[in-house]
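Visitor: Please take a close look with me at a single part of this model, the way its strands are arranged side by side. I would like the details in one connected account.

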Amino acid sequence: MKAMRARAAAVLMAALLLGGCASGGSSGTSPGNASAPGAAGDTAAAASITIKDFAYGAPLTVAPGATVTVTNMDAAAHTVTADKGQAFDAKVAGHGGTATFTAPSTPGTYPYHCTYHPEMHGTLTVK
Ligand SMILES: [Cu+2]
């Protein structure tokens, strides 16, 4: 009898715990939904260039006027400088330094280079 009572209590406890988990899960859904727009914003702000081993990585396409974040994983400082005109020119310190610049508002293809290391080239496409 005592054993059965204990088992019933255990089942009750389990049911309560499950109920608690379920309600906790559903209440956790609301903050999840609230953070969804933030995640979308992260995607929109994903215009970034990571410099590593004296290379800019894959060509980047951004929207006109987008903010581009540059991260420099090299020890040496680099720049992201438009080849023509003064479309953009960002200096980035080494060792994980970051900088941002505003992409041109005119659609087109903008080759760029590093003023410190002229052999470094990249391409930014605005459209
Ligand atoms: Cu450089």
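**Strand pairing in the sheet**

Guide: S1 and S3 run parallel and are joined by four bridges, where strands are DSSP runs of E of at least two residues, numbered from the N terminus, and two strands pair if DSSP finds at least two bridges between them. Within this pairing, serine 48 stands opposite threonine 69 in S3. The model is predicted, so local features need pLDDT of at least 70 and side-chain atom pairs count only at pLDDT 80 or more, while totals for chains, interfaces and linings use all residues. Residues are numbered from 1 along each chain as its sequence is written, and side-chain values use heavy atoms, with hydrogens and water left out.

Strand S3 (residues 67-72) is also joined to S6, here by six bridges and in an antiparallel sense, with asparagine 72 opposite glycine 97 in S6. The result is an open sheet of three strands in the order S1-S3-S6, with mixed pairing. S1 and S6 each have a single partner strand and stand at the edges, so one side of each is left without a neighbour in the sheet. From one strand to the next the twist averages 20°, with axes fitted as lines to C-alpha atoms and angles running from 0 to 180 degrees between N-to-C directions.

Along S6 (residues 97-102) the side chains alternate, with Gly97, Ala99 and Phe101 pointing to one face and buried, whereas Thr98, Thr100 and Thr102 point to the other and are not buried (buried is under 20% relative accessible area, exposed over 50%, partly exposed in between, with a 1.4 Å probe and protein chains only).
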